[in-house]
Amino acid sequence: MSKNLFNTIWDQHTIRKLPTGQDQIFIGLHLIHEVTSPQAFQMLRDRNLSVLYPKQTFATIDHIVPTEHQKQRPYNDRQAETMAQAIERNTKDFGVTFFSIDSPRHGIVHVIGPELGLTQPGMTIACGDSHTSTHGAFGAIAMGIGTSQVRDVLASQCLALNRPKVRKIEIKGKPPKGIYAKDIILKIIADLTVKGGIGYAYEYSGQTIEYLSMEARMTICNMSIEGGARMGYINPDEKTFAYLQKKEYSPKNDAFERAKKYWLSIASKKDAEYDDITHIDIQDLAPRLTWGIHPGQGISIEENIPSPQAFSAKERNAVEHALTHMRFKSGETLRGKKIDVAFIGSCTNGRLSDLREAAKILKGNKISPSVRSIAVPGSQDIAHQAEEEGIADIFRQSGFQWREAGCSMCLAMNPDKLEGHQLCASTSNRNFIGRQGSPEGRTILMSPAMVAAAALAGEIVDIRKQEDSNHEWK
Amino acid sequence: MSGNNIQQITGYAVPLLGDDIDTDQILPARYMKTVSFSGIGKYLFYDHRFDQDAKEKSHILNEKSFKKASILLVNKNFGCGSSREHAPQALYDYGFRAIIGESFAEIFAGNCLMLGIPTLTLTEEKIRKLQEEVQLNSTLTLSIEINTLTVNIGPSVYNGSMPKTFQESLLSGMWDSIGLLLSAREKIEQTVQSLPYLNNFIKEVDV
């Protein structure tokens, strides 16, 4: 038996066992943004500490930026302006690289890390954001942390952590027509529950994963935390290396060749040991959607909304509460539900391949006039490429608002929000009550293609009935 | 540099029923538009406690008999979702000093520890009994002994659990981790010198 990738990286980054029994883990790459870092910098100032290795931290601004006229300062929202100024000042004072709104490298933190080649196999990566698990798609240990931990990483480049167990999720089957990474991860979360991953890091592997593109793999790892797993990862392979080649911060020339050899050497071997292994077959998977108020409350487009009676007595109240909030009835189908808003974007599904898949559905069609439809590229580079490829025009011509890069309506810390009890078909990662900015707002999570199709129809439809449906099986 | 030793937490408790209460419920994202944590407690469970005209809604935290509570009694997977420390900071600022529940989301529990807020777990049956006891009589004083991981309330004693590392951190005051981490400066530098990706992939390491 050999060590899996997770334990190999963990051991390499262990500085020592702390007197508390936790491990002191070195963090190779630290990413920060404007929401969870200002208090951490203040803590450094209060304790007269500096940033130990400023070159290992990179900053961006994504949560609070407007997605229209985002270069116009000061922002109308004074709190947002204060936060923007804070990250500008903090990164300047402490010598940290900041990809500001004026940089072509700017974008959502979990989109630009991989895009710039900052994210690499074998690293430990931390960021004050739970979707840091995204970076695990490259064979890294990547985790969300709180603000006091951001302080710890800034000051010491280390964290005090408990070693999690490792669960291998072996996925087999070729995704059928109209099935994307988003459907696969929503299925995994529904099966293993939103708490199933507590105390675990998830290793996604198997035939399906091998065939998925890097962007699709990022979508899978991104939502690990929605299943309770703080970290999720995929072993590096030729697709990983092809993606990283010639990225700005990737190793160059001979160093890249040495890196590849090293990256392959740390990948989990066939005889690798795990604390748990679970299997899933996606051969017959149908498009997935959520009907409730957390990502585990999901069904396929073919199924009906479950009845509270189908759950154990202690879960029934929660199911009834979810149905009441969503204004849905058990036994109903989600097909034909009128939507008010369509949102394509976020660190889950705001990458170029997501926009391409949606554009295939939208091309030559017009969205329903009753649906406010917003497309938000995950980074300025993606926005630029989408313009070059003509994707941005397809969105505009269909009636979508084509916006500038940011977190947008995923969490409504910026002007993009639901109003009242609007129903939103969303490619984001959380359908929690209030998440999209209105305490009565309602979110249905689904793939970008499903959101595009819903925007056209004005209601939830089965993407497989659309002629142009394609998938990431390349 | 370390925090205070935390041996015992004593106070009134309040039961907050329900599984999977996420950090967007604990502290809605719109109240994270701030560069400090000061005063953040007033937004705790905001959409549960207040309507859109900022009028109090019917909620257990708005009940007079539970206003003085400093220990929160929750169910499964409390604090799931976002990694925002704003959630435990809001709980602390509001006045909570410990949370007892059936299970906690991992990042949330870690964030609580960083603030010296113990997160003690009890079995499903025990937490339900404890919640019922407090529901019936909000004037009962509850005490949590970190050393024994027991909860005492009136004549009842509940045995709980907590990761050993959390218990040690609280008892020793090392939950405030920064001083501890920085005391290994030399070893940190050695790691920087040895990790392949920080050394142009020239270094060989045992894998």
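How many residues of chain A are in contact with chain B, and how many residues of chain B are in contact with chain A? In this predicted model, 68 residues of chain A are in contact with 57 residues of chain B. Several elements of chain A give two or more residues to the side that touches chain B, among them helix H1 (5-12), strand S1 (14-17), helix H3 (78-94) and helix H10 (253-266). The most, seven residues, come from H5(A), which spans residues 147-156. Sorted by class, the side of chain A that touches chain B holds 30 nonpolar, 29 polar and nine charged residues.

Chain A itself may be considered next. Its secondary structure consists of 16 helices and 19 strands. The radius of gyration of chain A is 21 Å, close to the 23 Å given by the globule rule for 474 residues, so chain A is as compact as a globular protein of that length. Its C-alpha trace spans about 55 × 55 × 45 Å along the principal axes. Of the 474 residues of chain A, 62% count as buried. Among contacts in chain A with a separation of 6 or more, 77% join residues that are 24 or more positions apart.

The interior can be followed through the largest nonpolar core, which has 215 residues. Within this core, A:Val451 and B:Leu73 touch the most other members. Helix H16 (residues 448-457) of chain A supplies the largest share of the core, namely eight residues. Leaving aside residues up to four places away in sequence, A:Val451 touches A:Ala342, A:Phe343, A:Ile344, A:Ala358, A:Ala425, A:Ser426, A:Thr427 and A:Met446.

In chain B, helix H5 (residues 124-136) shows how a helix can present two sides. At 1.5 Å a residue, its 13 residues should span 18 Å, and the end C-alpha atoms of this helix are indeed 18 Å apart, which agrees. Which residues of H5(B) are buried? They are B:Ile127, B:Leu130, B:Gln131 and B:Val134. These residues cover an arc of only 100 degrees around the axis, and therefore they lie on the same side of H5(B). The general geometry helps to explain such a pattern: an α-helix has 3.6 residues a turn, so residues three or four places apart point the same way. On the other side of H5(B), the exposed residues are B:Glu125, B:Glu132 and B:Leu136. The buried residues of H5(B) pack against five strands of chain B: S2 (13-15), S3 (71-73), S4 (98-101), S7 (150-153) and S8 (156-159).

Finally, the backbone deserves attention. Most residues other than glycine have a negative phi, and most peptide bonds are trans. Against that background, the peptide bond from A:Arg73 to A:Pro74 is cis, with omega near -5 degrees. A:Pro74 is placed in the loop between strand S4 (57-60) and H3 of chain A. The loop between S4 and H3 of chain A also contains A:His69, which has a positive phi of about 50 degrees although it is not a glycine. In chain B, B:Asn77 is likewise not a glycine, and its phi is positive, near 55 degrees. B:Asn77 lies in the loop between S3 and helix H3 (86-94) of chain B.

Are these two residues buried or exposed? A:His69 counts as exposed because it has 10 C-beta neighbours inside 10 Å, where the limit for an exposed residue is 12 or fewer. B:Asn77 has 27 such neighbours inside 10 Å and therefore counts as buried, the threshold being 20 or more.

Key
Residues are numbered from 1 along each chain as its sequence is written. Chains are lettered from A and ligands numbered from 1 in the order in which they are written. This is a predicted model: local features need pLDDT of at least 70, side-chain atom pairs count only at pLDDT 80 or more; totals for chains, interfaces and linings use all residues. A nonpolar core is a set of buried Ala, Val, Leu, Ile, Met, Phe, Trp, Tyr and Cys residues joined through C-beta atoms within 7 Å. Helices (H or I, at least four residues) and strands (E, at least two) are DSSP runs, numbered from the N terminus. Two residues are in contact if their C-beta atoms, placed from the backbone, lie within 7 Å. Ala, Val, Leu, Ile, Met, Phe, Trp, Tyr, Cys and Pro count as nonpolar, Asp, Glu, Lys and Arg as charged, and the others, Gly among them, as polar. The expected span of a helix is 1.5 Å times one less than its number of residues. The arc is that of the directions from the helix axis to the C-beta atoms. The radius of gyration is taken over C-alpha atoms; the globule rule is 2.2 Å times the number of residues to the power 0.38.
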